[in-house]
Amino acid sequence: MLRTRVIPVLLLRDGGLVKTIKFKKERYLGDPINAVKIFNQKEADELVLLDIGARKSGNGPNIEEIREIVSEAFMPIGYGGGISTISHIESLFKVGVEKVILNTAAFENGKLIEQASKIFGSQSIVVSIDVKRDLWGKQKIYTNSGSKKQTVDFVSAIKSLQDLGCGEIIINSIDRDGTMEGYDLELIKKATSVLDIPVVALGGAGSIKDLSEAVNIGASGVAAGSLFVFQGVHRAVLISYITSEQLHNQL
């Protein structure tokens, strides 16, 4: 079995580290650089930074802030938030980001994926898809930090993104975000069954068992926020990590 990547996800807003529940109930956690230094010590496989305020600000990625964070990291960094141009992507790679993560831009301008993958290589272009179920349980894609519903069908959308040249897709469940009640396994399985590129599960992980379940249905990577920054029923802030070796011992 190929080694599964275990990926902490840090949410940024205005230079601080935050965490959400179902994309709401935002809680400030502190300085992201402190978190990065701890994940260095724990030898995390890679780290994802998502600036959830960058798109709304309209200013694009805060390159200097990202440079500062990346300079402290010993592991590969993926960054998403406010990316809408090739220039943004190029600037991010120049400061040490190894993967750029597109969300809203992937649906507003599919040519950006196609162009970026040709210039920088598909392995460095990732798309994160936020999905929420409607009242009838149907899976709907949302962009703009979960505020804008897309009309495209989930399976059609992810196939199209793969065809455009994206090298990896993160499937994030808005309904499970921050709940620590487990991934939306049906959603992950649907994606892994139709895609040839790696799929990363995100949204809802609360235990090593949850990570194992996603791996068992085909996820190439398992990502989490709350699982790695909270401890206990009172959600005290305490950074932890589950290594890929620990994970595979559970499979």
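This is a short tour of the structure, from the whole chain down to two lysines.

**Whole chain.** Start with everything shown. The model is predicted. The C-alpha atoms fill a box of roughly 45 × 40 × 35 Å along the principal axes. The radius of gyration is 17 Å, which agrees with the value near 18 Å for a compact globule of 251 residues. Colour by secondary structure next: there are eleven helices and 14 strands.

**Inside and surface.** Of the 251 residues, 54% are buried. Now switch on the surface. The accessible area comes to about 11600 Å², and carbon and sulfur atoms account for 48% of that. Among contacts with a separation of 6 or more, 67% join residues 24 or more positions apart. Colour by charge as well. The 29 positive and 29 negative charges have mean positions 6 Å apart.

**Select Lys-19.** Look in strand β2, residues 16-21. Is Lys-19 buried or exposed? Its relative accessible area is 7%, under the 20% cut-off, so Lys-19 counts as buried. Add Asp-177 to the selection. The side chains of Lys-19 and Asp-177 make a polar contact at 3.2 Å. Then show what else touches Lys-19, leaving aside neighbours within four places in sequence: the contacts include Leu-11, Glu-26, Arg-27, Gly-178, Ser-226 and Phe-230.

**Select Lys-56.** Move to helix α2, residues 54-57, where Lys-56 is found. Lys-56 has 78% relative accessibility, over the 50% cut-off, so this residue counts as exposed. Finish by selecting Ile-83 too. Lys-56 and Ile-83 are 27 residues apart along the chain, and their C-alpha atoms are separated by 11 Å.

Notes: Residues numbered from 1 in each chain as written. Predicted model: local features only at pLDDT ≥ 70, side-chain atom pairs only at ≥ 80, totals over all residues. Heavy atoms only, no water. Helix = DSSP H or I, 4+ residues; strand = E, 2+ residues; numbered from the N terminus. Buried < 20%, exposed > 50% of the residue type's maximum accessible area, 1.4 Å probe, protein only. Polar contact = N/O pair within 3.5 Å; in protein donor to acceptor, adjacent residues only side chain to side chain. Contact = heavy atoms within 4.5 Å. Rg over C-alpha atoms; globule rule 2.2 N^0.38 Å. Areas by Shrake-Rupley, 256 points an atom, 1.4 Å probe, with all protein chains shown as cover. Lys, Arg positive; Asp, Glu negative; His and termini not counted. Charge placed at Lys NZ, Arg CZ, Asp CG, Glu CD.
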